[in-house]
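User: I am new to reading structures, and I would like to go through this one slowly. Please set each value against the definition behind it.

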Amino acid sequence: DDPSMTQPAMYDVIDTKRGVRKSYTESLIGRGDISMKEAEDALRDYQGQLERVFNEVRDLEKHEVEPSESVEADQMIPRGMTTAVDKSLLARIGDAHLAFPDGFTVHPRVKPVLEKRREMAYEGKVDWAFGELLALGSFLAEGKLIRLSGQDTRRGTFTQRHSVIIDRKTGEEFTPLQLLTINPDGTPTGGRFLVYDSALSEYAAVGFEYGYSVGNQDALVMWEA
């Protein structure tokens, strides 16, 4: 994870600071609360714990994971529903991820992700994160209102979504899927893409989104923890 992807100015400042652990350790030693040897012993002990847990996890990965019981039989799955879209629409969604405004500076770790998305749109081998964006983009092109919120939702909890790109130098925002709310001929589709990082209050957030879905039943409203 790299917080500078979404908070570039803040982390430019943080990068100029000394590490918290080192500063606090020096303060404790300076006050006489601990000795240098005690500080070094504590650091070695902590690093040893991390190494031990890391090795335990690697050992667990050697064993096959048992699949969870499927719930598919309990779900009502629509049949005979056409969900395919034209390849040209997939291409538009891929192109949108590289259609930055003039002078926009993409984070160096984000740009390869966006370039890969355009490649997937044309050549296949679509990953999970881009598959989600393809689905959302196709809805926007059809004029749907999409509302997506949750904790760190714009970037994605696992740094996988990048639905909003932050300029590395200015903090300006660019939302690629917004380009799908405009038809190729320049007319609006009527679609809207509303994506928010919600407060760290799950009951309040999910309650609001549920209310939104009831109030606008034509909208696709999604909330993720």
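Analyst: Let us begin with a term: contact means heavy atoms within 4.5 Å. By that rule, and not counting residues up to four places away in sequence, I93 touches F130, L133, L134, G137, S138, L177 and L180. This is a predicted model, in which local features need pLDDT of at least 70 and side-chain atom pairs count only at pLDDT 80 or more, while totals for chains, interfaces and linings use all residues. Residues are numbered from 1 along each chain as its sequence is written, and side-chain values use heavy atoms, with hydrogens and water left out.

User: Where does I93 lie, and why is I93 called buried?

Analyst: The place of I93 is in helix α4, where helices (H or I, at least four residues) and strands (E, at least two) are DSSP runs, numbered from the N terminus. Buried means under 20% relative accessible area, exposed over 50%, and partly exposed in between, with a 1.4 Å probe and protein chains only. The relative accessible area of I93 is 0%, so I93 is buried.

User: What makes a group of residues a nonpolar core, and which residues have the most contacts inside the largest one?

Analyst: A nonpolar core is a set of buried Ala, Val, Leu, Ile, Met, Phe, Trp, Tyr and Cys residues joined through side-chain atoms within 4.5 Å. The largest has 18 residues, and those with the most contacts inside it are I93, F130, L140, L177, L180 and F193. At least two residues of this core come from each of α4 (87-96), α5 (111-123), α6 (128-141), β1 (145-150) and β4 (192-197), and the largest share, five residues, comes from α6. Apart from this core lies another, of seven residues, among them M5, V110, L114 and I165.

User: How do you know that the span of α6 agrees with what is expected?

Analyst: The expected span of a helix is 1.5 Å times one less than its number of residues. For the 14 residues of α6 this should give 20 Å, and the end C-alpha atoms are 20 Å apart, so the two agree. Within α6, the residues A129, F130, L133, L134, L136, G137, S138 and L140 are buried, and what covers the buried residues of α6 includes α4, α5, β1, β4 and β5 (220-224).

User: Why is K125 called exposed, but D152 partly exposed?

Analyst: K125, in the loop between α5 and α6, has a relative accessible area of 82%, and is therefore exposed. D152, in the loop between β1 and β2 (165-166), has a value of 27%, and is therefore partly exposed. Most residues other than glycine have a negative phi. Phi of K125, however, is positive, near 55°, and phi of D152 is positive as well, near 65°.

User: What makes the chain more spread out than a compact globule?

Analyst: The radius of gyration is taken over C-alpha atoms, and the globule rule is 2.2 Å times the number of residues to the power 0.38. For 225 residues the rule gives 17 Å, whereas the radius of gyration of the chain is 23 Å, well over that value, so the chain is more spread out than a compact globule. Along its principal axes the C-alpha trace spans about 70 × 50 × 40 Å. The secondary structure comes to seven helices and five strands, and buried residues make up 28% of the 225 residues.
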